[in-house]
Amino acid sequence: MAGAPGERRPGPAAGEPLRQPHGSCQVFPERLAQGEPRRGLLPSFFTHNQKCQLMLVKTLETNPYVKLLLDAMKHSGCAVNKERHFSCEDCNGNVSGGFDSSTSQIVLCQNNIRNQAHMSRVVTHELIHAFDHCRAHVNWFTDVRHLACSEIRAANLSGDCSLVNEIFRLRFGLKQHHQTCVRDRAILSILAVRNVSREVAQKAVDEVFESCFNDHEPFGRIPHNKTYARYAHRDFQNRDRYYSNI
């Protein structure tokens with residue numbers, strides 16, 4: 001992770017028993033402390049949880065961003081197990097998901113994820129945080145710059161700032177718009193999970209922006225769309241083959 005110490009941190013082994021979160025979530029406060037999904041007043045044939053699980057499976061199996069990140073996590077010694085490292089839960093507020101570093105678990109907010117495309121963006125975003133957690137000693141709670149760096153990378157590499165998404169937000173056409181989007185999304189993400197002022201969040205993003213924006217691992221490039229992500233995945237798969245022939 002650019003801007004953070006380079007010490008490798010061992011990741012959880014696939015199938016490792018799940019540890020319980022320490023009270024309310026330490027990474028994003030919207031995670032419910034009790035860990036149990038809230039029930040709606042009217043039952044439905046498909047519950048939020050069932051829909052979440054189905055969308056998650058499809059994303060893990062078909063999305064090129066996610067497939068590359070899963071390969072990269074495994075390559076870094078942090079193999080991801082669906083049952084161990086993902087949890088579909090109801091969340092407070094409007095948050096869509098989060099990475100809980102205390103359990104090395106990605107939480108998917110089943111009551112806020114709207115559709116398959118939204119699920120894919122959330123999983124990609126949070127897997128980038130998980131990848132950073134795996135490969136570097138990230139001080140998520142004591143150094144806001146480390147959080148800022150991972151949020152910059154997640155906004156830059158997840159497709160969240162793609163032209164299509166920005167058009168839906170009615171924000172496009174500005175010079176260097178991608179960089180502006182990444183900066184704005186990173187600041188918003190920090191404010192969503194930390195009780196800091198906008199000035200503090202913006203200062204942290206400004207301090208690490210250049211190095212973290214230019215850190216494209218494991219993609220090797222900014223994957224502006226699924227085609228770029230597929231190319232990046234192909235190149236990642238060929239890395240070991242290339243180096244073994246030198």
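How many of the five residues of strand 3 are buried? I began with this point, working on a predicted model throughout, and found that five of the five are buried, so strand 3 is largely enclosed by the rest of the structure.

**Entry 1: strand 3 and its partners**

I first looked up the directions of the side chains, bearing in mind that in a regular strand the side chains alternate between the two faces of the sheet. In strand 3, which covers residues 105–109, I noted Gln 105, Val 107 and Cys 109 pointing one way and Ile 106 and Leu 108 the other way, with all of them buried.

I then turned to strand 1, residues 86–89, where both faces are likewise covered: Phe 86 and Cys 88 are buried on one side, and Ser 87 and Glu 89 are buried on the other. Strand 1 pairs with strand 3 in the parallel sense, over four bridges. Following individual bridges, I found that Phe 86 has Ile 106 as its partner in strand 3, while Ser 87 has Val 107.

Strand 2, residues 97–100, also pairs with strand 3, in this case in the antiparallel sense and again over four bridges. Here I picked out Gly 97, whose bridge partner in strand 3 is Leu 108. Strand 2 and strand 3 form a hairpin with four residues between the strands, and in this hairpin I noted that Ser 104 takes a positive phi near 50°.

**Entry 2: the chain as a whole**

I stepped back to place the strands in the fold, and counted nine helices and three strands in the secondary structure. Read from the N terminus, the elements run α-α-α-β-β-β-α-α-α-α-α-α. Of the 246 residues in the protein, 48% are buried. I also checked the contacts with a separation of 6 or more, and 67% of these are between residues 24 or more positions apart.

**Entry 3: Thr 59 and Lys 82**

Is Thr 59 in helix 1 buried or exposed? Its relative accessible area is 1%, and as the cut-off for buried is under 20%, I entered Thr 59 as buried. Thr 59 belongs to helix 1, residues 48–62, and its side chain makes a polar contact with the side chain of Gln 116 at 2.8 Å. Leaving aside residues up to four places away in sequence, I listed Val 66, Gln 116, Met 119, Ser 120 and Val 123 as the residues that Thr 59 touches.

Lys 82 lies in helix 3, residues 82–85, and at 24% relative accessibility this lysine counts as partly exposed. Beyond four places in sequence, Lys 82 touches Gln 53, Leu 56, Val 57 and Leu 60. For one of these, Val 57, I looked up the separation from Lys 82, which is 25 residues in sequence and 8.4 Å in space from C-alpha to C-alpha.

**Entry 4: salt bridges**

The structure holds eleven salt bridges, of which I followed a few in detail. Arg 135 is bridged to Asp 215, with the closest N and O atoms 2.6 Å apart. This pair links distant parts of the chain, 80 residues apart, since Arg 135 is in helix 4 (residues 116–135) and Asp 215 is in the loop between helix 8 (198–213) and helix 9 (226–244). Both partners count as buried, Arg 135 at 17% relative accessibility and Asp 215 at 10%. Tracing further, I found Arg 135 and Asp 215 in a network of salt bridges that also includes Asp 132 and Arg 153.

Lys 203 forms a salt bridge with Glu 207, at 2.5 Å between the closest N and O atoms. These two residues both lie in helix 8, four residues apart, about one turn of the helix. Glu 207 counts as partly exposed, at 43% relative accessibility.

Arg 221 and Asp 235 form another salt bridge, with the closest N and O atoms 2.0 Å apart. Arg 221 sits in the loop between helix 8 and helix 9 and Asp 235 in helix 9, so that the pair links distant parts of the chain, 14 residues apart. Arg 221 counts as partly exposed at 25% relative accessibility, and Asp 235 does so at 28%.

**Entry 5: rings**

My last look-up concerned aromatic rings, for which the count comes to three aromatic pairs. I also noted a charge over a ring: Arg 183 lies over the face of Phe 209, at 4.0 Å from the ring centre.

Notes: Residues are numbered from 1 along each chain as its sequence is written. This is a predicted model: local features need pLDDT of at least 70, side-chain atom pairs count only at pLDDT 80 or more; totals for chains, interfaces and linings use all residues. Side-chain values use heavy atoms; hydrogens and water are left out. Buried means under 20% relative accessible area, exposed over 50%, partly exposed in between (1.4 Å probe, protein chains only). A polar contact is a pair of N or O atoms within 3.5 Å; within protein, one must be able to donate a hydrogen and the other to accept it, and residues adjacent in sequence count only if both atoms are side-chain atoms. Contact means heavy atoms within 4.5 Å. Two strands pair if DSSP finds at least two bridges between them. A salt bridge is a side-chain nitrogen of Lys or Arg within 4 Å of a carboxyl oxygen of Asp or Glu. Rings of Phe, Tyr and Trp (its six-membered ring) pair if their centres lie within 6.5 Å; planes under 30 degrees apart count as stacked, over 60 as edge-to-face and the rest as tilted. A charge sits over a ring if NZ of Lys or CZ of Arg is within 6 Å of the ring centre and within 35 degrees of the ring normal.
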